[in-house]
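Student: I'd like a close look at a single part of this model, one strand and whatever is packed around it. Could you walk me through it in one go?
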Amino acid sequence: MIDQASGLRKMNSMSKIKVIAVSGGKGGVGKTNVSLNTSIALAQQGKKVLVLDADLGLANVDVMLGLRVQRNLSHVLSGECELDDIIIEGPAGIKIIPATSGTQSMVDLTPSEHAGLIRAFSDMETEFDVLVVDTAAGISDMVLSFTRAAQDVMLVVCDEPTSITDCYALMKLLSRDHGVYKFKVVANMVRSAKEGQQLFAKLSKVTDRFLDVGLDLVAVIPFDENIRKSVRKQQVIVEAFPNSPAAVEFRNLASKISLWPIPHQPSGHLEFFIEQLLDN
């Protein structure tokens, strides 16, 4: 009875967590930069934020922030420690689950290892309001799994043909094979708000013609030289240059995210692995 009551309290607590997967299909579009700046802006607004570096084979969240990592997800999957044991603290008090870099075995997780990762989340004691999942580039099974596991999928796209094409391919797979039909879009590194609207119009034109999905433009992040300066300093722009145009837009995005509703119950996809946890 005690275990059942404890499990029920955990389920009720987890149901209040906002889970956002940040993806985009193509590498080099600024996905991790968007993930970190948004997460830190949310923390500055009073949210308890946990960032999962879900680029399991080429992790770079810790590198971008200049953080030292002793243990990572590979140690959790090997049974050496618990998920809570590898969490490190970043700027503004955000918590980070680091992955590993240059390890092929982490890229190709077996079904049992994937299940082990799900179980590790069910045993977490760390409290948080928002989980931001920074996925890998591409459309691997792991990327699809993490995006399916989120309540909101936020796609980062640039005004490049390859970025638009790869973003479309990811939406096609998620909608056709995994029942994900709603996507938030971040137009990144654009020269003006008008250019961001035009980029969103290009993407919408293609999806309206060939896919049954809904798109919502949630942010237009301007090209800002201060982003490169902050990256060289191993900082994020919302802290290094808080009054810069890009930092202002990241804070606006964080304010919007705080207003996004949290579903009362899991829908067709995983939503933070709740269905698996209930099965367990």
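Which residues point one way from β5 and which point the other way, and are they buried or exposed?

Tutor: Happy to. This is a predicted model, in which local features need pLDDT of at least 70 and side-chain atom pairs count only at pLDDT 80 or more, while totals for chains, interfaces and linings use all residues. Residues are numbered from 1 along each chain as its sequence is written, and side-chain values use heavy atoms, leaving out hydrogens and water.

On one face of β5 you find Val130, Val132 and Asp134, and on the other Leu131, Val133 and Thr135, with all of them buried. Buried here means under 20% relative accessible area, with exposed over 50% and partly exposed in between (1.4 Å probe, protein chains only). The strand spans residues 130–135, and six of its six residues are buried. Helices (H or I, at least four residues) and strands (E, at least two) are DSSP runs, numbered from the N terminus.

Now the neighbours within the sheet. β5 belongs to an open sheet of eight strands with mixed pairing, in the order β3-β4-β2-β5-β1-β6-β7-β8. The edge positions go to β3 (88–89) and β8 (214–222); each has a single partner strand, so one side of each lacks a neighbour in the sheet. At the β3 end, two bridges link β3 to β4 (residues 95–97) in an antiparallel arrangement, and Ile88 has Ile96 in β4 as its bridge partner. Two strands pair if DSSP finds at least two bridges between them.

β5 itself has parallel partners: β1 (residues 18–23) over five bridges, and β2 (residues 49–54) over six bridges. Asp134 is a good place to look, because DSSP bridges define the pairing: Val22 stands opposite Asp134, and so does Asp53.

Next, the helices on the sheet. Helix α2 (residues 31–44) touches β1, β2, β5, β6 (152–157) and β7 (182–190), and its direction makes about 170° with that of β5. Helix α13 (residues 245–259) lies across β1, β6, β7 and β8, running at about 150° to β8. Contact means heavy atoms within 4.5 Å. Axes are lines fitted to C-alpha atoms, for helices over the stretch in contact, and angles run from 0 to 180 degrees between N-to-C directions.

From Thr135 you can step on to Thr147, which touches Thr135 along with Ala21, Ser23, Val153 and Leu174, not counting residues up to four places away in sequence. Thr147 sits in helix α8 (residues 141–148) and counts as buried because its relative accessibility is 0%. A polar atom of the Thr147 side chain lies 2.8 Å from the backbone oxygen of Val143, and the backbone oxygen of Leu144 is 3.0 Å from a polar atom of that side chain. A polar contact is a pair of N or O atoms within 3.5 Å; within protein, one must be able to donate a hydrogen and the other to accept it, and residues adjacent in sequence count only if both atoms are side-chain atoms.

Thr147 also takes part in helix packing. α8 and α9 have axes 11 Å apart and meet at about 70°; Val143, Leu144, Thr147 and Arg148 of α8 make the contact with Leu170, Leu173, Leu174 and His178 of α9. Farther along, α9 (residues 161–178) packs on α10 (residues 193–210) at about 40°, with axes 11 Å apart. On the α9 side, that contact uses Ile164, Cys167, Tyr168 and Met171.
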